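Trainee: I would like to take a close look at one part of a protein, namely its interior. May I ask for a connected account that I can follow alongside the model?

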Amino acid sequence: MSLPKDSFMLLSVVNTKLRDYYSSLDDFCSAENVSRAEVENQLSQAGYTYNEKINQFV
(Lines give C-alpha, C1' and ligand atoms only; values in the text may rest on other atoms or scores of the structure.)
Protein backbone atom coordinates (compact mmCIF):
# COMPACT_ATOMS: atom_id res chain seq x y z
CA MET A 1 0.00 0.00 0.00
CA SER A 2 1.21 3.46 -0.81
CA LEU A 3 0.46 5.88 2.03
CA PRO A 4 -1.30 9.14 1.16
CA LYS A 5 1.01 12.13 1.57
CA ASP A 6 -1.78 14.30 2.94
CA SER A 7 -2.11 13.69 6.69
CA PHE A 8 -5.87 14.06 6.72
CA MET A 9 -6.31 11.58 3.88
CA LEU A 10 -3.95 9.21 5.70
CA LEU A 11 -5.99 9.60 8.88
CA SER A 12 -9.18 8.74 7.02
CA VAL A 13 -7.69 5.70 5.27
CA VAL A 14 -5.99 4.30 8.37
CA ASN A 15 -8.93 4.81 10.74
CA THR A 16 -11.35 3.29 8.23
CA LYS A 17 -9.16 0.22 7.75
CA LEU A 18 -8.63 -0.11 11.51
CA ARG A 19 -12.37 0.07 12.08
CA ASP A 20 -13.38 -2.30 9.29
CA TYR A 21 -10.53 -4.79 8.89
CA TYR A 22 -7.82 -4.78 11.56
CA SER A 23 -7.82 -5.30 15.32
CA SER A 24 -4.64 -3.27 15.88
CA LEU A 25 -2.24 -0.84 14.25
CA ASP A 26 0.39 -3.58 14.14
CA ASP A 27 -2.01 -5.86 12.23
CA PHE A 28 -2.76 -3.07 9.77
CA CYS A 29 0.92 -2.24 9.19
CA SER A 30 1.88 -5.86 8.75
CA ALA A 31 -0.94 -6.68 6.33
CA GLU A 32 -0.56 -3.46 4.32
CA ASN A 33 3.27 -3.64 4.37
CA VAL A 34 3.73 -0.14 5.78
CA SER A 35 5.95 1.20 8.53
CA ARG A 36 4.19 1.80 11.84
CA ALA A 37 6.77 4.48 12.67
CA GLU A 38 6.06 6.28 9.39
CA VAL A 39 2.29 6.22 9.96
CA GLU A 40 2.59 7.39 13.57
CA ASN A 41 5.13 10.08 12.68
CA GLN A 42 3.06 11.55 9.86
CA LEU A 43 -0.13 11.57 11.93
CA SER A 44 1.58 12.92 15.04
CA GLN A 45 2.74 15.91 12.99
CA ALA A 46 -0.95 16.60 12.32
CA GLY A 47 -1.75 16.28 16.05
CA TYR A 48 -3.05 12.70 16.15
CA THR A 49 -1.97 9.79 18.33
CA TYR A 50 -2.95 6.13 18.25
CA ASN A 51 -5.34 5.03 21.00
CA GLU A 52 -5.04 1.26 21.45
CA LYS A 53 -8.24 1.00 23.51
CA ILE A 54 -10.42 2.23 20.68
CA ASN A 55 -8.07 1.17 17.86
CA GLN A 56 -8.16 4.59 16.21
CA PHE A 57 -6.05 7.70 15.79
CA VAL A 58 -7.55 10.59 17.74
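What percentage of the 58 residues in the protein do buried residues make up?

Mentor: The model before you is a predicted one. Buried residues make up 36% of the 58 residues in the protein.

Let us begin with the overall frame. The protein contains three helices and two strands, and along the sequence these follow the pattern α-α-α-β-β. The C-alpha trace spans about 25 × 25 × 15 Å along its principal axes. A compact globule with 58 residues would have a radius of gyration near 10 Å, and the protein agrees with this because its own value is 10 Å. Among contacts between residues at least 6 apart in sequence, 50% join residues at least 24 apart. As for the outside, the protein exposes about 3,700 Å², of which carbon and sulfur atoms supply 47%.

We may now turn to the interior. In soluble globular proteins, nonpolar side chains tend to be buried together. Here the largest nonpolar core has 14 residues, and those that touch the most other members are Val14, Leu18, Leu25, Phe28, Val39 and Phe57. At least two residues of this core come from each of helix 1 (7-20), helix 2 (25-32) and helix 3 (36-45). Helix 1 provides the largest share, four residues.

Phe57 deserves particular attention. Leaving aside neighbours within four places in sequence, Phe57 is in contact with Leu11, Val14, Asn15, Leu18, Leu25, Val39, Glu40, Leu43, Tyr48, Thr49 and Tyr50. One of these partners is Asn15, a residue of helix 1. Is Asn15 buried or exposed? Its relative accessible area is 11%, so Asn15 counts as buried, the cut-off being under 20%. A polar atom of the Asn15 side chain lies 2.8 Å from the backbone nitrogen of Phe57. Not counting residues up to four places away in sequence, Asn15 touches Gln56 as well as Phe57.

Helix 2 offers a second view of the interior. The buried residues in this helix are Leu25, Phe28, Cys29 and Glu32. They lie on the same side of helix 2, because they cover an arc of only 95 degrees around the axis. These buried residues pack against helix 1, helix 3, strand 1 (50-51) and strand 2 (56-57). On the face turned away from the buried side, helix 2 carries the exposed residues Ser30 and Ala31.

Finally, consider two asparagines in loops. Asn33 comes just after helix 2, in the loop between helix 2 and helix 3. Phi of Asn33 is near 55 degrees, a positive value in a residue other than glycine. Asn33 counts as exposed because its relative accessibility is 69%. Asn55, for its part, is found in the loop between strand 1 and strand 2. Although Asn55 is not a glycine, its phi is also positive, at about 55 degrees. With a relative accessible area of 10%, however, Asn55 is buried.

To draw the account together, Phe57 is one of the core residues that touch the most other members, and its backbone nitrogen lies 2.8 Å from a polar side-chain atom of the buried Asn15. Leu25 and Phe28, also among those core residues, belong to the buried side of helix 2.

Technical notes. Residues numbered from 1 in each chain as written. Predicted model: local features only at pLDDT ≥ 70, side-chain atom pairs only at ≥ 80, totals over all residues. Heavy atoms only, no water. Core = buried A, V, L, I, M, F, W, Y, C linked by side-chain atoms within 4.5 Å. Buried < 20%, exposed > 50% of the residue type's maximum accessible area, 1.4 Å probe, protein only. Contact = heavy atoms within 4.5 Å. Polar contact = N/O pair within 3.5 Å; in protein donor to acceptor, adjacent residues only side chain to side chain. Arc of directions from axis to C-beta. Rg over C-alpha atoms; globule rule 2.2 N^0.38 Å. Areas by Shrake-Rupley, 256 points an atom, 1.4 Å probe, with all protein chains shown as cover.
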